[in-house]
Amino acid sequence: MSVLEVRSLSKAFGGVRAVSEVSFAIGQGQFLAMIGPNGAGKTTCFNIINGQLAPDSGDMLLAGKNIAGLQPRAIWRLGVGRTFQVAATFGSMTVVENVQMALISHAGEIYRLWRPAASRHREAALALLEQVGMRQAADRPSRELAYGDVKRVELAIALANEPRLLLMDEPTAGMGAGERHDLIALVKRLVVERGISVLFTEHSMDVVFAFADRIIVLARGRLIADGDAAAIRDNAQVREVYFGTGKTFAGAVS
Amino acid sequence: MTFTGFLFQALNGLSTASGLFFIAVGLSLIFGVTRIVNIAHGSLYMLGTYIAYTFATRIGGALGFWGGIVATAILVGVIGALIEVVLLRRIYRAPELFQLLATFALVLIINDATLWLWGPEDLLGPRAPGLRGAIEVLGRQLPSYDLFLIVIGPLVLLALHFTLAGTRFGRLVRAATQDREMVGALGVNQAMLFTAVFALGAGLAGFGGALQVAREPANLATDLTAISDAFVVVVVGGMGSISGAYLAAVIIAEVKAICIGIGVVDFGFGSVNFSKLTLVAEFLVMAVVLIARPYGLLGRAQAVVRSIAEPEEPLRPATPALKALGAVVLALLLCLPLLAQSSPYLLILGIDVLIAVIFAASLHFIMGPGGMHSFGHAAYFGLGAYGAALLVKGLAVPMGLALVAAPLVALAGALLFGWFAVRLSGVYLAMLTLAFAQIVWATVFQWEELTGGSNGVIGVWPPPPFDRTSVYFLLTLALAVIAVLLLRRLLFAPFGYAMRAGRDSALRAEAIGIDVKRVHWLGFAVAGAVCGVAGGLFAFAKGSISPETIHINRSIDGLVMVLLGGIQTLSGPIVGASVFATLQDTVMRQTEYWRALLGLIILLLVLAFPQGIAGALAALWRRVKP
């Protein structure tokens, strides 16, 4: 049973068909990487799935329910968490308050007017921070954190609504190689523990080939390949869009 | 009205449109390049009329008039360049709000300077030499000077268009409008460019003002009227778009002209005098355009300005020291009626300060945690005040009920206006809230049957025992304490956190299920309702309410109070309102030129204490006690 099924998704900006008839599905607990050269339509595809853009046509079935064209917050309520390419947290709040905010929203308490927010769900928030290794920074202002740590806090926020699907747009953008590996290893561990499915885009091939269960490849708005690491590595069309002809991923995967 | 009469009105509208265009296009150009909304642009326009009057009367003749107009444009351009070099250069990297306030300070200073130089009387200039007559159009007499105005607008539009399209200066202006950082990175001397653009914009405003000298008397109220009109034109046309400015000027001028042309219409159930609805009509056009096209008819979405906002500390509950301080202040205030037996004025000052505290705290609620910089908070003050006063005078409602109704009336207004306002952000939000406040003011001013027009509502005195100042003071104190604690409670509750979350990162907030617009809308409504309490208390404290007490100056006072105290601290608005209201009641009453004094205080605040008093104290406290 697939968690998310995307059917013939299309989106054009003026005359440019950014995403064209893209279809794929994510299985329960799957770690699915979406790759492709710059301008392939990854971010557009992503923003359609998380609700920031409405598709021109196509369906997106989340556990059987069509979510195409819903607002981001509605999609979140259906159990889809996300992280941003440029990490975004609430800079005027402490780290733990950032996570509490998500938990408060998940509990439907946004419009509560009396009991202080800081006293709500603190334990649960600390537990989430523990899991991403940020417990010790809980009471620091989130704007003081190093970028890699912000990414971890974002992950804790994204896990707050116990999502069945996690969308991560370039989770390791702007990070060093060591940090990159640690973060993805952490994500992988958490999603395996919790049985969450993950769709992520990524530019760093070593991360993709080391961690993804399955890879889909976009080029010029179209889905050109779908398979496991070995299949993608040997796919002639994929090689062509990345390297022209003749080269391989052999060097990229050490 | 006949069809030809209608056409004639439309022609009249075109001549007004030229005037609107001159001021709006300068505003738009300056904003495009420097990203500063120059509220003082209306003042430059006003200066233009005064200076041209002096040329036309002192030198006289065709040289004094026509030469004077050209000289005025140049002179106002030079004044603009001076303003840019001396003041604006220091605040290009300051938060938007500070820029708006700094230019508003200029409005106050220029107004008092004009008063000092030319006196308070309206000054009507001579008629234009060579264009004194009229020509017959559609069977009516159209002054030839109006015809001249109709033609000169499009001529200047064309000239500007070719300058921007064909010259190096024009290319730089267009490039800077799209991405000024990139223009700087390419080695263009930004300082020169900014000064030149500011001088050009100022010169255009001065030119527009000078042209009015033969049509309308120079008047000290022109600055704010002109800038509100220009805001509407620029917002409707699209910030930074020159053709948009002309298009919008025509639309607005035509809507006004047609309203005047229609006059009184009898609908059977009652008659409506459309000529009194010009202000409302103008702002309705703007509201409609903003909803359909948030960036104006020919405008584009603004490039994100990479400004550096001051980082804000997380909210912490009050420390025991702060609580103790609050208790001491409260105890002192409770004792004030005893202390004041020797000087009753102290209690009146106390009431003024407490009302200012409620006003500023409610404004801070949306400005600080909500990030919505309202330039029209006076609207809700006015709705509360008039709501209470009219209920008492019209329906003989008791004071208690009127004070309950005040926040409800303000709430209704805030729900309506807030729904539009939260759809925008930054300077657009500032201008829209200002426009709404103008609507409330204009309605109150023009609806004489209900509100008493410019005389206002008088004789709104509290019944015994509240007619004693000491008792009324205690009532005000009680409501102020409740209001401040309530707003504070809301800010610590999930709702307040959600408001800050939406401000910090709307994208992230939406991604965790927060309906940011809705949360901000409700926050706006709460602030409006609390502000209505201040308005109601004010009406009973003064025994009257008039349009001038709810004019734009009150909105700006609120902004100054919040910034004076410090926008990032919860105690800021309380400190700021207390200091400001005390200053206003003591120092400013001593001088005729209080506007200039207030302007200088604002400039000092913006340039020297951007954190405000409470903010500076808090920073000092952190440094002393790590």
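## A tour of chains A and B

Select Ile358(B) to begin, and display its neighbours: leaving aside residues up to four places away in sequence, Ile358(B) touches Ala480(B), Ala483(B), Val530(B), Val533(B) and Ala534(B). The model you are viewing is a predicted one.

Widen the selection from Ile358(B) to the largest nonpolar core, which has 291 residues, and in which Ile358(B), together with Ala24(B), Val233(B), Ala249(B) and Val357(B), touches the most other members. Colour helix H21 of chain B, residues 516–542, since this is the element that gives the most to the core, with 18 residues. The core also draws at least three residues from each of domain 1 (3–250) and domain 2 (339–554) of chain B.

Next, colour chain B by its domain assignment, which gives domain 1 as residues 3–250 and domain 2 as residues 339–554. The centres of these two domains, taken over C-alpha atoms, are separated by 34 Å, and the contact takes 9 residues from domain 1 and 10 residues from domain 2 of chain B. On the side of domain 1 of chain B that touches domain 2, select helix H4 (96–118) and helix H9 (222–237) of chain B, each of which supplies at least two residues; H9(B) gives the most to that side, with 5 residues. By class, this side of domain 1 of chain B divides into 7 nonpolar residues, 1 polar and 1 charged.

Staying in chain B, go to the loop between strand S5 (457–458) and helix H18 (469–492), where Pro465(B) has its place. Show the backbone here, as the peptide bond that joins Pro464(B) and Pro465(B) is cis, with omega about 0°.

Move then to the loop between helix H14 (378–395) and helix H15 (399–421) of chain B, and select Ala396(B). Phi of Ala396(B) is near 55°, a positive value in a residue other than glycine. Is Ala396(B) buried or exposed? Ala396(B) has 7 other C-beta atoms within 10 Å and therefore counts as exposed, given that the cut-off for exposed is 12 or fewer.

A positive phi can also be found in chain A, at His121(A), where the value is near 55° in a residue other than glycine. To find His121(A), select the loop between H3 and helix H4 (122–131) of chain A. Here the surroundings are to be counted in the same way: His121(A) has 22 other C-beta atoms within 10 Å, so it is buried, the cut-off for buried being 20 or more.

Now show both chains together and select the residues where they meet, for 32 residues of chain A are in contact with 25 residues of chain B. On the side of chain A that touches chain B, helix H2 (72–77) and helix H3 (95–106) of chain A are the elements that give two or more residues, and H3(A) gives the most, with 6 residues. Coloured by class, that side of chain A has 17 nonpolar, 6 polar and 9 charged residues.

Finally, hide chain B and view chain A as a whole, with its 9 helices and 10 strands. Along the principal axes, the C-alpha atoms of chain A fill a box of roughly 60 × 40 × 35 Å. The radius of gyration of chain A is 19 Å, which agrees with the value near 18 Å that a compact globule of 254 residues would have. Of the 254 residues of chain A, 45% count as buried, and among its contacts between residues at least 6 apart in sequence, 64% join residues at least 24 apart.

Definitions and conventions:
Residues numbered from 1 in each chain as written. Chains lettered and ligands numbered in written order. Predicted model: local features only at pLDDT ≥ 70, side-chain atom pairs only at ≥ 80, totals over all residues. Core = buried A, V, L, I, M, F, W, Y, C linked by C-beta atoms within 7 Å. Helix = DSSP H or I, 4+ residues; strand = E, 2+ residues; numbered from the N terminus. Domains from an automatic or database assignment. Contact = placed C-beta atoms within 7 Å. Nonpolar A, V, L, I, M, F, W, Y, C, P; charged D, E, K, R; others polar. Rg over C-alpha atoms; globule rule 2.2 N^0.38 Å.
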